[in-house]
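Trainee: Could you walk me through this one before I go back to the bench? I would like to take the helices first and the odd backbone spots afterwards.

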Amino acid sequence: MRTTTALREQACQVLEANWTGRFTKPAPRLYPHQWSWDAAFIALGWMHEDQERAQQELRHLFRAQWKHGLVPHIVFDRRARGYFPGPGVWETHRSPDAPARIATSGIVQPPVHATAAWAIYQQARDRSAARAFLEELFPKLAAWHDYLFRERDYYGEGLVYIRHPWESGMDNAPLWDGIAQRMHLNPGDRPRYRRVDTTLVAEADRPTSAEYDRYLYLVRLFAEAGYDEARIREACPFLVQDVLFNTLLCRAEQDLAEIAAELGEDSEPFRQRACRVAEAVNRKLWDDRRALYFDYDLVLDRPIWVRMAACFTPLFAGIPDGLQAARLVSHLEASGFFNWDGSCYSVPSYDPNGLGFSPVRYWRGPVWININWLLIEGLARYGYTEHAAHLCRTVRLLVERNGFYEYYHPYTGEGHGSEQFSWTAALVMDLLARRPEWMQWGVRSTRRRAVA
Ligand code: 9WN
């Protein structure tokens, strides 16, 4: 057993090692640029250690914001090499909205940024610097959310859509299998490329080549459409209203309302938008019979009945009412996602009984710390403190025994993907700082045994 101080220091060393002087890389070699939702999670760790770096993380990302508000999922670092697909594949110069001097991708990731900015402000020791930071970021965050509602909630339902699996952050989740199968690629549609990821980590951990073909097919479609959202909407075979994305947007709108109020701005429009998203998630994505939230495929006009850990995350934004929350928690316990008895490190990314579950392949089963962090906060929000504490202890066990990996085997706890993964370290730092009693090694669950 390590002391809390030792664990915190080790986590901090991971962030320090991945700090480039301008932003923090998600991982030393596999991800050498800046990623959008990683930046927000990483800032949640830095804020306990170095307020300036937490602020710098988000500032660096928003410097690459497109003119119409889009925050790109990758901001490329000119000095870094060794990631595919790089700027030459994205061809963002085809869009009049892309920044002229900064190379970026042309898709987005879940909007966790207002949530991170508000948390940084609340934790800040240097209040005046934090206020200046909030004032600077507020219009950019508002423009980012405006872009999402304007371009991605085209039908005015209160739900935004994603147009690429990478936009969900859960790249090869079984959620997308049905859509991938519908994307019949002719020989001429299959882009020629050489992957780098499988030279850096085990091939068995990563998405397959067939999945990559489709990721790149979509990127080419976007580039050829000049990143024009109307043209993309017409042609794109992948248009999904995702539970996790909309949940994080709902929470981000709540946090943007807090920021607006703190700055003396009108917070009402943000509160109203948060309520609209919550209502729409409950109206369209909640399945009352199955007691779970499901993604919605806009192309086929039907739900995607695939059970991911992300299907439980509306708890994080306070979207379910008390009864729905109780049913969600019962479902979590009954389904194999959550185990009091230690038979599985909770919570795996995908249903352990689901078709195609894999304990090692990326978003098809392994435990990811960011999803667990969202569930911990969501369960705590509704008063399920024993459940939240149980997850905190399993997170601690995973990193203590195996290190700060990108993801973990749910049965052995073995680390997979990249080592020295930044958001794993950052979110452990956050839990150690804000949930110290739950992160205590050896504190037994008042209900049943923690993972042993
Ligand atoms: C593609 C950086 C990113 C995370 C994503 C994760 C993975 C990229 C990749 O790494 O995606 O965006 O190359 O596999 O799935 O959630 O933001 O850590």
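Mentor: What follows is a tour of some helices, two buried residues and a few backbone details in a predicted model.

Trainee: Let's start at the front, then. How far apart are the end C-alpha atoms of helix H1?

Mentor: They are 22 Å apart, and because each residue should add 1.5 Å, the 15 residues of H1 (residues 4-18) should span 21 Å, so the two values agree.

Trainee: Which residues of H1 are buried?

Mentor: The buried residues of H1 are Leu7, Ala11, Cys12, Val14, Leu15 and Asn18. Looking down the axis of H1, you find these buried residues within an arc of 145°, so they line one face of the helix. On the other side of H1, the exposed residues are Thr5, Gln13 and Ala17.

Trainee: And what covers the buried residues of H1?

Mentor: The cover includes helix H2 (36-46), helix H15 (385-402) and helix H16 (422-434).

Trainee: H2 sounds worth a follow-up. How does H2 pack with helix H5, in angle and axis distance?

Mentor: H2 and H5 (residues 113-123) pack at an angle of about 20°, and their axes are 9 Å apart. That angle makes H2 roughly parallel to H5, and the crossing in which H2 passes H5 is left-handed.

Trainee: Which residues meet there?

Mentor: From H2 there are Ser36, Trp37, Ala40, Ala43 and Leu44, and they meet His113, Ala116, Ala119 and Ile120 of H5.

Trainee: What about H2 and H16, at what angle do they cross?

Mentor: H2 and H16 cross at roughly 35°, with axes that come within 7 Å, and here H2 passes H16 in a left-handed crossing. On the H2 side the residues are Trp37, Asp38, Phe41, Ile42, Leu44 and Gly45, which meet Ser422, Trp423, Ala426, Leu427, Met429 and Asp430 on the H16 side.

Trainee: Switching to single residues, is Asn370 buried or exposed?

Mentor: Asn370, which is found in helix H14 (residues 369-381), is buried, with a relative accessible area of 0%.

Trainee: So what is Asn370 in contact with?

Mentor: Once its neighbours within four places in sequence are left aside, Asn370 is in contact with Trp37, Phe41, Trp363, Trp423 and Leu427. You have already met some of these names, since Trp37 and Phe41 of H2 and Trp423 and Leu427 of H16 are among the residues where those two helices meet.

Trainee: Now Val329, where does that lie?

Mentor: Val329 lies in helix H13 (residues 322-334), and with a relative accessible area of 4% it counts as buried, the cut-off being under 20%. Not counting residues up to four places away in sequence, Val329 touches Leu379, Tyr384 and His387.

Trainee: And how many residues separate Val329 and Gln65 in sequence?

Mentor: They are 264 residues apart in sequence, and from C-alpha to C-alpha the two are 38 Å apart in space.

Trainee: Back to helices for a moment. Which residues of helix H9 are buried?

Mentor: In H9, the buried residues are Glu211, Tyr212, Asp213, Arg214, Tyr215, Leu216, Leu218, Val219, Leu221, Phe222 and Ala223. What covers them includes helix H4 (87-90), helix H7 (177-182), helix H8 (197-200) and helix H10 (229-235). H9 itself (residues 209-224) has 16 residues and reaches 22 Å from its first C-alpha to its last, close to the 22 Å expected. After H9 comes Gly226, with a positive phi near 60°.

Trainee: That brings us to the backbone. Which residues does a cis peptide bond join?

Mentor: One such bond joins Phe84 and Pro85, with omega about 5°, and Pro85 is found in the loop between strand E2 (74-75) and H4. Another cis peptide bond joins Ser346 and Val347, with omega about 0°, and Val347 has its place in the loop between H13 and H14.

Trainee: What is the phi of Asp301?

Mentor: Asp301 has a positive phi of about 60°, although it is not a glycine. Asp301 is in the loop between strand E6 (295-297) and strand E7 (302-304), and at 53% relative accessibility it counts as exposed.

Trainee: And Gln420, what is its phi?

Mentor: Gln420, although not a glycine, has a positive phi of about 50°. Gln420 lies in the loop between strand E9 (415-416) and H16, and with a relative accessible area of 33% it is partly exposed.

Note on methods: Residues numbered from 1 in each chain as written. Predicted model: local features only at pLDDT ≥ 70, side-chain atom pairs only at ≥ 80, totals over all residues. Heavy atoms only, no water. Helix = DSSP H or I, 4+ residues; strand = E, 2+ residues; numbered from the N terminus. Expected span 1.5 Å × (residues − 1). Buried < 20%, exposed > 50% of the residue type's maximum accessible area, 1.4 Å probe, protein only. Arc of directions from axis to C-beta. Contact = heavy atoms within 4.5 Å. Axes fitted to C-alpha atoms, helices over the stretch in contact; angles between N-to-C directions. Parallel < 35°, antiparallel > 145°, perpendicular 65-115°, else oblique. Left-handed = near helix turned anticlockwise from the far one by under 90°.
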